[in-house]
Amino acid sequence: MANVALDPHAAIATTASGVGAALTTADGKPLARALARSQRRARRRAFLLVLPLLAFILVTFVIPIGQMLQRSFYNDGFSRNMPQVSAWFAATERGTDPDEAAWAALAADLTAAAEARTIGMVGTRINYDLSGARSLFTSTGRALRGGLEPPYREALLGINEGWDNPMLWSAMREASRPYTANFYLAALDRTRDEDGRIRQVDERQQVYVMLFMRTFWLSLLITGLTFLLGFPIAHLLATLPMRKSNLLMILVLLPFWTSLLVRTTSWMVLLQQQGVVNDILVWLGVIGHDQRLQMIYNQTGTIIAMTHILLPFMVLPLYSVMRTINPSYVRAARSLGATSWTAFRRVYFPQTLPGLGAGALLVFILAVGYYITPALVGGSSGQLISNMIAMHMTSTLNWSMAAALAALLLASVLVLYWLYDRLVGIDNLKLG
Amino acid sequence: MLDDRLGDAFVAFEHVQKSYDGQTLVVKDLNLSIGKGEFLTMLGPSGSGKTTCLMMLAGFETATHGEIRLAGRPINQVPPHKRGIGMVFQNYALFPHMTVGENLSFPLEVRGMGKSEREARIKRALDMVQMGAFANRRPAQLSGGQQQRIALARALVFDPELVLMDEPLGALDKQLREHMQFEIKHLHERLGITVVYVTHDQGEALTMSDRIAVFNDGRIQQLAPPAALYERPENSFVASFIGENNALPGVIEELEGDKALVRLDGGGVIDATPVNIRERGQRTTVSIRPERVEFKPEMMPPGAHTIEAKVLEVIYMGDILRARLAVAGSDNFVMKMRNTIGQTRLDPGQTIRIGWHPQDARALDPV
Amino acid sequence: MKTTLILSTALTGMAFAVSAQEVNVVSWGGAYEMSQVEAYNKPFTAETGIRVNMIAADNPATPLKAQVEAGNVTADVFDVEVSDAIRLCDEGALVEIDHASLPPAPDGTPAVDDFVEGALLDCAVANIVWGTVISFDTTRFPDGAQPQTAADFFDTETFPGKRGLPRNPKRTLYLALIADGVPAAEIYDVLGTDEGVERAFAKLDTIKSDVVWWEAGAQPVQLLADGEVTMTTVYNGRIFDAIVAENKPFAVIWDGQYMDMDMFVIPKDAPNMDAALQYLKFATDTQRLADQAKYIAYGPARKSSAALVGLYQDGVTEMAPHMPTSPEALENAVMDNPEFWADHDTELTERFNAWLASS
């Protein structure tokens, strides 16, 4: 299948065999088979040529992303290191009160985990669902090194009364199966109560859904702004004589050649309250010295800086499409009686749609995943969901949570891509 | 007939000049009147200013100086969409994102026409170019000839009185081009519209036009009906640009009324009709069409001067025989003979004497 | 994931020529790494002949976790924060370090008694103590009316201007509580309760609209220098650099200092285990820790080093008063509590982000 898709001739061969099934070659062999044989060599060679790239993509892209995504629903930190109590959970119904067997299994597992130094992993896993549980495990683990005597319930409660918490047992039951939807629930500001029902988290802790909405809203806004700013520039570039448009193109591409951090920092210098723009406004008397505008370290900063950084991704596809639009189309429309606005709206603009679609898709998808710029200039109101992903990757080291957030982001981008395909058609896309 | 048209000039250029850079003129003092219902062709090499003139008429270029009038009304300040001129472009300029029907509907929609009337007109226009079944196709699904017809239908669908065509057949192959030439010509006759047609193909110009304006170097070199242009070119450029032509440089030896004797630079004296010659001794170029050259004395008028020619080669071309001769120092003198049963066969190396009717040889300005 | 980690670590690994005597150390880069090169690495190589390869990371705990998970450890020593040291140790990623094997102080005091409290963990040995302190621009406030306490940081009426704070709960909530009158020693007891968290957020609410949030350590110094804020919290080493090396008119408030340590850890399966242990012991001895203070204003984790701390590399500035471990600095200092944060980081971070996002 793979090589059929890769080799255009293969598709033709299939059609040919369907049509000419009854035909034979001069010496009586079926024509279709002869054709397939004659093309097999070429097909194999074509496949071998793309093999390195295929392997490269597989190794560096598909597998890592797949494994990353797997973390979002698979975490065996508890089940692997606590086999006995996990078995007890598997054998009993949700809501069963822990009996002595459960306590014994727990004690045995905890002792083993403490010796194997895996108890931290177990605690970390439970802590994802129940804040504060980690220290319960690690401190119990330290106290356990001498071993435990039955009855285990009393023995464990003697070490820490927290072991009696029904929320803890509910969380352990959840974690006893390596497959879990809890990270996705958490990524949608949901959690499970002690009966396993899904409910919203405390209002003071709801953050992800709002950030997803904000990310999409801001990305949409930034896409719109790059369109408004980029369209006239692209048009100018496409209509100016080559020499002038090349110069202008350098100005458009300049941000590309500058380090992202330098660009972001220069926005700080320009936009901060003691910055250049405010200085000029004060000097001009537009605003008073104590009315300096807050244009950075908030949403405005994120929007301005990201619009600037992503502008070339809108301009370039638009430009390459506009370059190919013959000026005679607009002339034809004018000669047919259209005003210049009607000619633009009904004849020129529709022909730029492939470039616009490509540019908008590029900018939007890049904006959705951006994190350095919002982190530096976004203050508190300009943070995006990717900043949370980065935080979970590098600071809280909760990779499962990062993976769940990233998977949701990926899924929503794919949905948008699908929508785009349905509404505009992906074959209409022109990337340059 | 010509004068009638000049009387009620439908389109008029008056002292029109055009410069793009403020230093050179691409159109130099253009004066041209086009009558209503006329098929006028602007013919000339590329860069001669013909397309610029068309674009000024359409409104896409502004005249640097002078006035352009349409139906008596100055249109210099009228934007293109208010001129009501139909136009067919070199690359057809069919809107690729619209179907054929939508393309035709466009000029009607922008004129605020109702749906039923639009449909009727679109159908009529498509039928007119025999493309009635193609209304729902996209331009990309049509052949070059079909796109050409649609472009024509679109330029005509809103009933303009004037239609401009900018090398509309340039992209078609020879056979299709000739076929379309007739169709356009017939449409023009049937609809009674005025057509200004730009081409660099003289064959096309000769076939289709009522009058041809030959452009060169920003000026109209000659404005005349096809036959006059071919047979009575007024200067060397027109003579050499239209049709095949032999040019022989020389000096006027005798000048008497509409007859002149020219002493050729390569030796020999020949008859010619003086065209833009004022006095004896003036330098001139004598222009003679290959098919008007005779080598049999009985075909020449009595007393005609002849000169010696040596046959260099004879090419068989089916309907005609084409001989290349060495005449008066030139090795590129061409003579065409009809391929008839009694035609005398010439052989390379043979020496003959050639001559012609004096009115067929025109003494023009020196090249 | 595993495959990329293997690949990327393999690529990193290729940078090191395979030789018998070398050790790979992952640290934080910048001036801090420079101070380690000068104070630890150069004398170590001179004395033992073992080459030290320094690798910079944004947070060395991230590549450490990645390498361990991929089962392909390529570096030997990592400089990590305390909470990460504890977490990674609990997860079994690190080797345990025998405290008795660490060199004693010059006067013979055993290492276990010489290191400051909390500096020795099962799997980690601290090298420096660093503080997050309040700093302000002295030119923005009149003489005699300069801010002096953490409470002044929250008093925007008396001390007008914007405030710089890092965008995380760990280094903001404590400051709110200190300013609200909670003694440094009771911070974690208060923060462990719901009411305490509410109280901290309520205090932060009073300056929320005046805060410029910073992310990276270099930002607060820049914000102060640009006049974008009049007061900010900042890492003490960074602000020392601005004051002493760049002569900026900034001053430090030690009240409400938040003390952190950086620790050396060695992952299980470190490729040069012996050299790694040798390096760790050498780098955390009394002289080396004292030497480091010559290059950066972070305090040595050994008590015996304090006496050996001398002048800054400019040869003029006395380092002792700039140490986060000086008596003045310790008066009302909050010590990092990694156990607390290991338990509550996720919860409080989510609450903090929700608080930030709500207007």
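Mentor: Start with one term. Two residues are in contact if their C-beta atoms, placed from the backbone, lie within 7 Å. Keep in mind that this is a predicted model.

Trainee: What covers the buried residues of α2(C)?

Mentor: Several elements of chain C do. They include the strands β1 (22-27) and β2 (51-56), and the helices α11 (236-245), α12 (273-283) and α13 (286-292).

Trainee: Which residues of α2(C) are buried?

Mentor: Use the cut-off: a residue is buried if 20 or more other C-beta atoms lie within 10 Å of its own. In α2(C), C:Tyr32, C:Glu33, C:Ser35 and C:Gln36 are among the residues that pass. C:Ala39, C:Tyr40, C:Asn41 and C:Phe44 are buried as well.

Trainee: How many Å should helix α2 of chain C span?

Mentor: Count the rise, 1.5 Å a residue. Helix α2 of chain C holds 19 residues, 30-48, so 27 Å is the span to expect. The C-alpha atoms at its ends are 25 Å apart, which agrees.

Trainee: Where is the kink in α2(C) centred?

Mentor: On C:Val37, with an angle of about 40°. Look just past the helix too. There C:Gly49 has a positive phi, about 80°.

Trainee: Now a strand. Why is strand β4 of chain C described as largely enclosed?

Mentor: Go by the count of buried residues. Strand β4 of chain C covers residues 124-137, and 13 of the 14 are buried, so the rest of the structure largely encloses it.

Trainee: How many bridges join β4(C) to strand β8 of chain C?

Mentor: Twelve, and the two strands run antiparallel. Strand β8 spans residues 250-265. To fix the register, take C:Ile134, whose bridge partner in β8(C) is C:Ile253.

Trainee: And which sense does the pairing of β4(C) with strand β7 of chain C take, parallel or antiparallel?

Mentor: Antiparallel, over five bridges to residues 231-235. Here C:Phe136 stands opposite C:Met231. Strand β9 of chain C, residues 299-300, also pairs with β4(C) in the antiparallel sense, over two bridges. In that pairing C:Val129 has C:Gly299 as its bridge partner.

Trainee: On to domains. What domains does the assignment give for chain C?

Mentor: Read the bounds, then the contact. Domain 1 of chain C is 2-129 + 261-330, and domain 2 is 131-259 + 338-357. Their C-alpha centres are 28 Å apart. In the contact, domain 1 of chain C gives 16 residues and domain 2 of chain C gives twelve.

Trainee: Which elements give two or more residues to the side of domain 1 of chain C that touches domain 2 of chain C?

Mentor: The helices α2, α4 (82-90) and α15 (327-330) of chain C. α4(C) has the largest share, four residues. By class, that side of domain 1 has eleven nonpolar, three polar and two charged residues.

Trainee: How many Å apart are the C-alpha centres of domain 1 and domain 2 of chain B?

Mentor: They lie 39 Å apart. Domain 1 of chain B is 2-236, and domain 2 is 246-364. Four residues of domain 1 of chain B are in contact with seven of domain 2 of chain B. The four divide into one nonpolar, two polar and one charged.

Trainee: Between which chains are the most contacts?

Mentor: Between chains A and C, among the two pairs that touch. Chain C brings 33 residues to this contact and chain A brings 40. On the side of chain C, α16(C) gives the most, 14 residues. By class, this side of chain C has eight nonpolar, ten polar and 15 charged residues.

Trainee: How many residues of chain B are in contact with chain A?

Mentor: 18, and they meet 15 residues of chain A. β6 (85-88) and α3 (100-109) of chain B each supply at least two residues of that side. The class split on chain B is 13 nonpolar, three polar and two charged. Chain B and chain C do not touch, and 45 Å separate their nearest C-alpha atoms.

Trainee: One last residue. Why does B:Pro366 count as partly exposed?

Mentor: Count C-beta neighbours. B:Pro366 has 13 inside 10 Å, so it counts as partly exposed. B:Pro366 sits in the segment after β19 (362-364) of chain B. Among residues more than four places away in sequence, B:Pro366 touches B:Pro249, B:Arg283, B:Thr284 and B:Thr285.

Methods: Residues are numbered from 1 along each chain as its sequence is written. Chains are lettered from A and ligands numbered from 1 in the order in which they are written. This is a predicted model: local features need pLDDT of at least 70, side-chain atom pairs count only at pLDDT 80 or more; totals for chains, interfaces and linings use all residues. The expected span of a helix is 1.5 Å times one less than its number of residues. The bend at a residue is the angle between axes fitted to the seven residues ending there and the seven starting there. A residue is buried if 20 or more other C-beta atoms lie within 10 Å of its own, exposed if 12 or fewer, and partly exposed in between; C-beta atoms are placed from the backbone. Domain bounds come from an automatic or database domain assignment. Ala, Val, Leu, Ile, Met, Phe, Trp, Tyr, Cys and Pro count as nonpolar, Asp, Glu, Lys and Arg as charged, and the others, Gly among them, as polar. Two strands pair if DSSP finds at least two bridges between them.
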